[in-house]
Amino acid sequence: MSTSLDLAPELSVASANPPSPVAGGAPAIELSPRLHNRDLAPTRAEGRRWGGYSIFALWTNDVHNIANYSFAMGLFALGLGGWQILLSLAIGAALVYFFMNLSGYMGQKTGVPFPVISRIAFGIHGAQIPALIRAVIAIAWFGIQTYLASVVLRVLLTAVWPHLAAYDHDSILGLSSLGWVCFVAIWLVQLVILAYGMEMVRRYEAFAGPVILLTVAALAVFMYFKADARIAWSVAEPLSGYEMWRNIFAGGALWLAIYGTLVLNFCDFARSSPCRKTIRVGNFWGLPVNILVFAAITVVLCGAQFQINGQIIDSPTQIVASIPNTPFLVLGCLAFLIVTVAVNIMANFVAPAFVLSNLAPRHLNFRRAGLISATLAVLILPWNLYNSPLVIVYFLSGLGALLGPLYGVIMADYWLLRKGRINVPELYSENPTGAYHYSKGINLRAVAAFTPSALLAIVLALVPNFHGIAPFSWLIGAGIAAALYLLIAPRNGQYHDVSGECIAVDHSSH
């Protein structure tokens with residue numbers, strides 16, 4: 001088995017011939033084709049292009065997406081006032097910033113994507129467990145978000161060409177003719193962006209970030225003056241006492257849970273950053289600062305609308321749809337369309353592309369795996385999933401509850417047990433004596449810590465009797481999994497820190 005990688009002399013790609021010793025008698029490390037290809041290989045430190053602005057733009061798109069606004073507006077509807085929403089999201093922002101930095105530093109140091117990072121704690125084959133859980137969630141949400149973006153496109157098209165509404169009343173597999181055209185169009189746009197790899201993702205995210213930030217800021221200014229420069233700071237009967245504080249902290253915990261997917265695979269992006277400071281600064285402006293701006297805009301939008309007619313809006317798209325001026329309506333729709341695609345790519349397309357490539361590295365590269373995951377997202381008919389509360393609550397929420405325990409095990413292993421010491425080349429080796437081979441490629445201790453924690457997190461998230469602590473299921477699951485893993489993990493292990501530069505590829509190769 002050959003490869004075009006420029007390997008260091010002491011490393012070789014697995015072949016039919018046994019590895020030959022190198023100077024000093026040290027055996028060569030074989031890079032297994034079952035674990036390695038160019039897309040899974042580490043990124044070379046020189047030439048990494050995800051700078052502070054790229055990370056800031058990445059988070060700007062994600063923070064200001066429609067679903068997040070709907071969540072924050074729900075806090076207003078629950079009875080939280082302006083300062084309470086700001087405090088709740090500030091707590092969530094601090095948690096997300098802390099956990100995202102831990103994940104990002106791992107990616108920056110090792111240069112490897114999430115499926116490979118997972119091999120450290122779960123083993124070279126056991127890593128398929130966290131990777132597949134992340135991929136299933138991502139594929140389902142990729143389809144749903146593509147559908148939601150297509151709905152925005154339908155609103156835009158019918159606003160410009162009203163006669164197209166005639167094609168929006170039939171049904172083909174649950175979607176109208178116009179709906180299918182819009183869905184396929186958005187689907188193809190995302191495929192084109194991914195076809196050019198992670199560098200095109202970076203450029204698109206950098207373009208989309210300022211677009212949505214300016215749009216929502218302009219929308220807030222428009223609503224503020226429409227309400228005669230006066231906004232309602234809360235609904236008629238705001239919460240107080242215990243119920244108020246519970247909702248404030250629950251909102252912060254739920255905000256962290258919303259980022260439970262990206263906090264796992266942020267290393268897919270951070271692996272292309274040049275240093276820790278870049279991640280720390282980009283995350284600071286992109287998360288805490290950005291989230292507080294987002295919270296302020298939410299308060300203005302909700303408060304202004306409530307001041308005008310006493311109604312509580314569910315989404316900023318409701319404001320856009322009510323704009324009487326067609327050109328401004330079109331611009332608003334375009335902005336939310338752009339950000340929805342940007343969020344979908346970063347949160348739901350990149351992860352399964354790496355995961356599926358990880359399943360069969362010698363046959364699937366990033367682009368082929370991305371095409372397969374996108375096709376699966378169509379075959380599940382995501383509009384039917386979105387319209388089914390049972391699917392959203394029990395299936396996707398149940399899977400989402402698993403993310404906290406996964407994060408707990410992976411972080412405890414990397415930061416608390418190994419102290420960040422990783423032998424990167426051995427992440428691609430099937431040698432039975434390798435650092436991450438464990439028991440036939442699976443770390444049974446990691447699985448043992450994850451399983452009960454995951455079951456508990458699912459129960460807390462889904463069983464009605466635990467409604468009061470359900471928002472904290474991610475944190476509880478992560479904490480218990482980390483504690484269990486540290487309790488049963490061996491304490492006398494010797495961990496070597498070996499860079500992956502000798503097998504790394506250029507950033508442009510990804």
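1. Setting aside residues up to four places away in sequence, Ser-150 touches Cys-182, Phe-183 and Ile-186. Ser-150 itself belongs to helix α5, which covers residues 128-160. Because its relative accessibility is 0%, Ser-150 counts as buried. The model under discussion is a predicted one, and the points below should be read accordingly.

2. A second buried position is Gly-441, placed in the loop between α17 and α18 (444-462). Its relative accessibility is 0%, and Gly-441 is therefore classed as buried, the cut-off for that class being under 20% relative accessible area. Once neighbours within four places in sequence are left aside, the contacts of Gly-441 are Phe-122, Gly-123, Ile-124, His-125 and Gly-126.

3. The position of Gly-441 also brings together distant parts of the sequence. Between Gly-441 and Arg-119 there are 8.8 Å in space, taken C-alpha to C-alpha, although the two residues are 322 residues apart in sequence.

4. On helix packing, α2 (residues 66-78) and α8 (residues 241-258) meet at an angle of about 170 degrees, and their axes lie 11 Å apart. Helix α2 is therefore roughly antiparallel to α8, since angles over 145 degrees fall in that class. From α2, the contact draws on Asn-68, Phe-71, Leu-75 and Leu-78, while α8 supplies Asn-247, Gly-251, Leu-254, Trp-255 and Ile-258. By class, the residues of this contact comprise 6 nonpolar and 3 polar, with no charged residues.

5. How many cavities of 30 Å³ or more does a search of the whole structure find? The search returns 1 such cavity. The space within the largest cavity amounts to about 30 Å³. Its lining consists of Ser-103, Met-106, Phe-114, Ile-117, Leu-264, Cys-267, Ile-410 and Met-411.

6. Which elements give two or more residues to the lining of the largest cavity? They are α3 (82-110), α4 (114-122) and α17 (403-417). As to the chemical character of this lining, 7 residues are nonpolar and 1 is polar, and no charged residues are present.

7. Two threads connect these points. Helix α17 contributes to the lining of the largest cavity, and the loop that holds Gly-441 lies between α17 and α18. Charged residues are absent both from the contact of α2 with α8 and from the lining of the largest cavity.

Key:
Residues numbered from 1 in each chain as written. Predicted model: local features only at pLDDT ≥ 70, side-chain atom pairs only at ≥ 80, totals over all residues. Heavy atoms only, no water. 1 Å grid on protein atoms, 1.4 Å probe; cavity = no way out; pocket = protein on both sides within 12 Å on 5 of 7 lines; lining within 4 Å. Points joined across faces, edges and corners; volume = space filled by probe spheres on them. Helix = DSSP H or I, 4+ residues; strand = E, 2+ residues; numbered from the N terminus. Nonpolar A, V, L, I, M, F, W, Y, C, P; charged D, E, K, R; others polar. Axes fitted to C-alpha atoms, helices over the stretch in contact; angles between N-to-C directions. Parallel < 35°, antiparallel > 145°, perpendicular 65-115°, else oblique. Contact = heavy atoms within 4.5 Å. Buried < 20%, exposed > 50% of the residue type's maximum accessible area, 1.4 Å probe, protein only.
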